[in-house]
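Grab a pencil and open the viewer. Try each exercise yourself before you read its solution.

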Amino acid sequence: MIEKTNKTAIAVKGISKSFPGVQALKNVSFECKKGEIHALIGENGAGKSTLMKIIEGVFPADEGSIFMDGKPVFFRQPSDSLAHGITMVYQDSNLIEDLDVAQNIWLGREPGGRFIFNRKKMNHQAQQLVEKLGEKIDARSLVSELSVSEKQIVEIARALSFDSQILILDEPTSTLGASESQRLFDILDHLRRQGTSIIFISHRLPEVLSIADRITVLKDGEIVGTVSSSSTNSDEIVTMMVGRTLDTAFPPRAQSFGEKILEVKNLQSSSSFHNVNFSVRSGEILGIGGIQGNGQQEIVRSLFGLCSSEGTVTIDGAEADLSSPSKAIQSGVIYVAADRRKEGLFLPHSIRKNISVPHLSKWSHLGFVNRKAEKKSVLEQINALKIRTPSDEKSVGMLSGGNQQKVVFARWYLAKTRVYIFDEPTQGVDVATKLEIYRLIREMAAEGIAVIVLSSDVMELNGLCDRILVVAHGTVVDEVAGADATEERVIGSAVTAESDKTQLSETQVRQTNTLSKTSIFLKRYAPSLLLLALLLVIGGFTANKSPYFLTSRNFASLAILIAPLALAAFGQMLVITLGGIDLSMGPTISMTTAIASFTIIGESVFSIVTGVLICLAAGIVVGLLNGILIRVFKISDLVSTLATYSIIYGLALVIRPTPGGLINFDFLDFVEFRWGVVPVVFIITVLLYVGLEFLLLRGTIGTKLYATGSNEYVAFNLGIRVGWVRVGAYIFSGLTASLAGLVVAARIGSGDVQSGLPFTITSITAVVVGGASIFGGRSTAVGTFLGVTLVIFIQNSLNFLHVSAYWQYIWAGGLTLFAVAIYSLQTETPIKWQQQLKQINFLSSGKAQKS
Amino acid sequence: MKPTKSFSTLPESFNRIGAVWFAVAGLYALASIHSPAMFQYGQVLNLLQVAAFLGIIAIGQTFVLLVGGIDLSQAGVVTLVNILSTSIMVGKAENIVEAVILCLFVSLFVGFINGLLITIFRVTPLITTLSMNSLVYGSALVYTGGMPHGKIAPAFEFLGQGHFLGIPVTGIVWLTLAISIGYASLHTIYGRWIYAVGANPQAARLMGIPVNSVLISAYMMSSLFACLGALVLTSYIGLPSLGIGDQFLLTSIAAVVVGGTALTGGVGSVFGTIGGTLFITILSSYTRLINQPIGIQFMLQGLIIALSVLMYRLVQKNRLG
């Protein structure tokens with residue numbers, strides 16, 4: 001249309017890709033010209049996201065290649081495609097929740113130097129980008145505090161910041177209101193004029209037709225065709241999208257239905273759906289369809305207590321309590337989840353255990369399960385459903401997808417209830433099993449049960465269901481009788497439905513939420529201020545009771561006690577910021593005193609410097625060992641450092657079975673050297689912390705640390721070497737442990753294996769009390785230092801108050817529990833939980849190895 | 001890492017009986033060849049007697065690991081029970097019931113609070129139980145003022161020091177408990193729930209299993225068996241001893257992990273833990289017998305924890321195909 005050159009920016013040729021049991025892409029060729037907006041559309045599962053992931057470098061294609069400016073390119077990981085000027089904007093947020101908007105936008109390429117970045121410039125540029133999108137988000141606000149649509153805007157702003165030649169947007173408007181969408185289109189149009197190529201995935205035909213130059217339709221992993229948007233209309237496109245060949249025979253529909261069983265009235269949830277009304281009769285199969293992510297999953301999950309909702313639901317005429325899964329089951333509702341590996345199966349367990357788990361009381365007497373009766377019922381189901389397995393004791397993790405799904409069905413086929421909800425019942429299942437599943441669902445309905453089937457496969461809905469509800473934008477937009485349902489009708493209703501979000505976002509009063517300096521300061525340092533207040537209270541109270549507390553002598557002795565714990569907490573904090581933990585901290589300190597009692601002594605063969613270096617090297621080795629166990633052998637942080645705890649403690653005992661050795665007096669003098677009344681070691685420690693806080697705020701390494709701790713998966717995709725960050729943190733932790741050990745050795749003047757052990761818990765206490773999240777991503781050096789001070793302060797105060805020193809164990813434990821409970825209650829764990837799941841999948845997939 | 005292949009050629013019994021028994025037999029044979037004293041009947045009985053303390057405590061730890069958690073507060077509970085029971089009994093038989101009931105109550109309470117913090121307050125199991133250990137140990141210290149006093153009643157000695165048909169009572173108590181609890185965990189609804197919650201808490205929730213209650217109960221089981229183990233141990237030594245529980249902090253986890261229970265939850269059994277207990281006990285008594293410093297024991301134990309995790313992962317991978 002405008003200033004279009006005919007140069008191809010990116011082309012994929014002959015791409016094929018198959019996953020176990022599915023051919024996702026078949027010989028796909030596709031190109032996007034310079035300065036073109038090219039829309040890619042297709043039904044759910046047509047292969048759009050697979051194609052985009054191949055372009056991005058998430059996984060390789062089986063066949064075919066990618067060309068940029070005519071030259072072939074290979075991407076092994078997302079950061080490779082990023083380096084080639086390809087930027088992706090995903091539908092689900094790929095941002096680091098614990099960083100602010102500016103940090104997210106510039107992550108990994110912060111303006112300024114290589115180690116220290118220019119915060120002002122960074123904020124300013126980020127603010128400009130966000131404002132270009134017409135959004136009034138302060139670039140200094142934390143991403144975790146933004147709404148879904150604001151996050152989408154930040155994601156787009158980040159993509160724009162790359163100045164990429166190729167921009168790929170996966171349903172960018174699904175969370176945006178009409179005015180926000182319009183602003184995005186204006187920007188895309190502007191970029192197009194500048195020569196950027198844009199691949200735009202969307203299900204909203206009106207907007208696709210208005211913004212795109214050309215439209216390519218994908219169906220069943222194959223290209224149907226490419227049309228120019230100026231010469232087509234939505235009817236033609238819908239016709240291109242549909243028309244898949246029918247590869248399955250469906251069981252005949254019911255002739256008549258019975259009584260109304262389930263009735264849903266005015267069901268709504270604040271975030272995902274509204275005004276949902278429907279009913280299901282006995283013997284009826286109700287289908288729910290539409291484009292994925294329009295609220296249909298939330299609707300059915302709310303009927304099983306998995307999403308919160310308001311409205312009335314009656315079963316057999318009586319109002320049903322569906323507030324939790326167990327209550328829903330009692331009310332007669334069963335939900336069979338889409339993701340059977342995550343929500344349906346107990347993978348390591350046998351088929352028998354998987355099938356019988358919800359029905360155990362059936363075969364039980366006094367809590368003991370009658371194995372024979374259980375086995376008999378299970379075997380009946382295995383035979384009835386033709387599950388192919390040599391034995392009912394085989395673990396389900398070994399079965400094929402189809403057989404796994406049959407196990408799930410057998411579980412619920414065993415004892416029938418009133419309402420069954422099947423979420424994507426045939427996902428990842430072979431054709432033969434699909435047929436059997438359709439037959440089973442129909443049989444269940446015929447027995448007088450109300451069945452709801454949620455599916456993204458329109459063919460499946462049309463063939464199987466008696467009635468279909470089409471959901472778009474969180475509400476039912478169309479209702480079709482199964483016999484009359486056509487693909488055109490269902491897809492057409494779903495993709496042409498206009499969003500009524502327009503009014504919602506327009507009526508919302510947009511505040512210019514520029515953050516004040518104070519509020520930004522408070523966000524980071526509120527726990528620290530709280531600690532400071534607590535310190536003052538304790539100090540005031542103790543000073544009131546004991547005149548010796550406020551003497552310079554006491555402060556000097558406090559300082560010498562703070563130094564080693566502060567050093568230990570320094571390393572512990574880095575590890576905890578990454579969501580890990582270093583239990584070997586204590587033993588490493590012990591071991592350092594033991595080594596020091598041989599290498600830093602009066603008549604040693606080593607000089608003091610060499611002796612100290614040997615101690616530090618030992619600490620680094622411990623850290624490296626932890627890093628290798630965690631990163632290379634993939635043993636969890638907890639178990640790895642538990643194992644090294646034992647190993648290092650044993651080693652320390654071998655070196656120094658009983659306390660002994662005499663530390664060199666010169667070294668003692670050096671460690672205890674005072675500047676005025678303040679020990680120099682303390683001053684050095686404080687300086688270290690100041691440096692750390694500065695690096696956390698302004699250093700690229702600090703951002704990397706927070707990013708990796710907050711969301712390792714996203715950090716990895718942005719090219720951060722997450723493996724090195726983690727191993728580095730453990731090495732640093734070992735190093736600070738040996739530094740702390742040296743100070744302890746100087747204080748006690750000898751080697752003592754018991755001297756270091758308490759540091760494991762006290763260092764953790766100091767860090768979590770200082771406001772760090774044990775899930776990673778949040779911590780401040782200031783908070784940790786104040787946490788350390790508090791720990792030592794309480795000890796000291798209790799001494800002055802003549803309280804038994806034994807109380808320290810009680811308040812240390814209690815304080816830790818209190819702090820962690822308070823902080824974890826504040827954070828929204830559902831989000832964290834999902835992130836952790838993501839991370840677990842990521843780690844277990846072994847992709848992290850590539851870094 | 002080449003063993004992946006060789007594991008698949010191992011006999012089926014390797015998986016069914018459990019790798020740990022091969023390890024126990026192998027270690028015992030090696031130790032006996034190197035130091036024939038290990039093979040004597042008296043030494044076998046002695047092994048059984050001392051293995052019982054760890055064995056009973058590790059039964060409880062098994063439950064926590066099966067639900068995917070960890071309990072580092074068992075050490076504190078053992079110390080506290082040792083202190084409490086001796087100070088209440090002060091050598092008098094009429095105080096036994098009171099002492100035992102109080103110890104059981106306190107332990108169950110500790111387990112309950114652990115479970116509550118982990119489920120309702122969403123504190124991670126590690127932080128919860130590590131802090132709880134400090135709290136409980138501190139309570140024992142404060143209670144005694146650092147100077148424990150009291151002793152067990154002579155009537156209580158039979159449990160830890162007695163013999164029945166020439167076999168130490170501790171061993172009989174341990175094996176009876178372990179086998180009956182092991183059987184129950186596989187054959188009761190509650191036991192099946194424990195495994196289900198450990199393998200997939202979200203799926204368990206969708207099956208209508210009361211996940212939080214199951215989790216809390218697992219931590220209560222852990223404290224309960226720490227208490228029972230501590231009572232038997234106290235009966236054996238007869239006196240209070242501060243910090244007597246510390247040795248179990250890591251060994252109870254080591255015994256369970258060596259016994260084949262996965263730290264990821266849902267896989268393993270109390271029967272495996274019997275083997276794991278024997279393995280750890282044989283190892284430590286062997287290192288003592290050949291006069292190796294105690295530090296070597298700790299080093300071996302740490303290595304074994306890491307190695308077990310790696311080895312069982314290979315076995316598991318092999319089984320899941």
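Two strands pair if DSSP finds at least two bridges between them. Strands (E, at least two residues) and helices (H or I, at least four) are DSSP runs, numbered from the N terminus. You are looking at a predicted model, where local features need pLDDT of at least 70, side-chain atom pairs count only at pLDDT 80 or more, and totals for chains, interfaces and linings use all residues. Residues are numbered from 1 along each chain as its sequence is written, chains are lettered from A and ligands numbered from 1 in the order in which they are written, and side-chain values use heavy atoms, with hydrogens and water left out.

**Exercise 1. Work out how strand E3 of chain A fits into its sheet.**

Step 1: find the sheet. It is an open one with six strands, in the order E6-E7-E8-E3-E9-E10 (chain A), and the pairing is mixed.

Step 2: look at the edges. E6 (86-89) and E10 (222-228) of chain A each have a single partner strand, so one side of each has no neighbour in the sheet. Ignoring direction, neighbouring strands are turned by 20° against each other on average; axes here are lines fitted to C-alpha atoms, for helices over the stretch in contact, and angles run from 0 to 180 degrees between N-to-C directions.

Step 3: check the partners of E3(A). Strand E3 (residues 37-42) of chain A runs parallel to strand E9 (residues 214-219) of chain A, and five bridges join them. His38(A) has Arg214(A) as its bridge partner in E9(A). E3(A) also runs parallel to E8(A), with four bridges, and there His38(A) stands opposite Ile199(A).

**Exercise 2. Which helices pack on this sheet or lie across its strands?**

Step 1: start with helix H1 (residues 48-56) of chain A. H1(A) packs on the sheet and touches E3, E6, strand E7 (166-170), strand E8 (197-201) and E9 of chain A, where contact means heavy atoms within 4.5 Å. The direction of H1(A) makes about 135° with that of E3(A).

Step 2: add helix H8 (residues 234-241) of chain A. H8(A) lies across E3, E9 and E10 of chain A and runs at about 30° to E9(A).

Step 3: see how covered H1(A) is. Seven of its nine residues are buried (under 20% relative accessible area; exposed is over 50%, partly exposed in between, with a 1.4 Å probe and protein chains only). Among them are Leu51(A), Met52(A) and Ile54(A). Just after H1(A), Gly57(A) takes a positive phi of about 100°.

**Exercise 3. Is strand E8 of chain A covered on one face or on both?**

Step 1: recall a rule. In a regular strand the side chains alternate between the two faces of the sheet.

Step 2: sort the residues. Ser197(A), Ile199(A) and Ile201(A) sit on one side, Ile198(A) and Phe200(A) on the other, and all are buried, so both faces of E8(A) are covered.

Step 3: trace the chain into E8(A). E7(A) and E8(A) run parallel and are joined by five bridges, with Ile166(A) opposite Ser197(A). From E7(A) the chain crosses through helix H6 (residues 178-193) of chain A to E8(A), a right-handed β-α-β crossover. Right-handed means that, with the strands pointing away from the viewer, the path from the first strand over the helix to the second runs clockwise.

**Exercise 4. Why does the pair Phe521(A) and Tyr525(A) count as tilted?**

Step 1: get the rule. Rings of Phe, Tyr and Trp (its six-membered ring) pair if their centres lie within 6.5 Å; planes under 30 degrees apart count as stacked, over 60 as edge-to-face and the rest as tilted. The structure holds 18 aromatic pairs over all chains.

Step 2: apply it. The ring centres of Phe521(A) and Tyr525(A) are 4.9 Å apart and the planes stand at 45°, so this pair is tilted.

Step 3: place the residues. Both lie in helix H19 (residues 517-545) of chain A, four residues apart, about one turn of the helix. Phe521(A) is partly exposed at 42% relative accessibility, while Tyr525(A) is buried at 12%.

**Exercise 5. Describe the surroundings of Val677(A).**

Step 1: locate it. Val677(A) lies in the loop between strand E23 (674-675) and strand E24 (678-679) of chain A.

Step 2: check exposure and contacts. Val677(A) counts as partly exposed, at 44% relative accessibility. Not counting residues up to four places away in sequence, Val677(A) touches Ser552(A) and Ala556(A).
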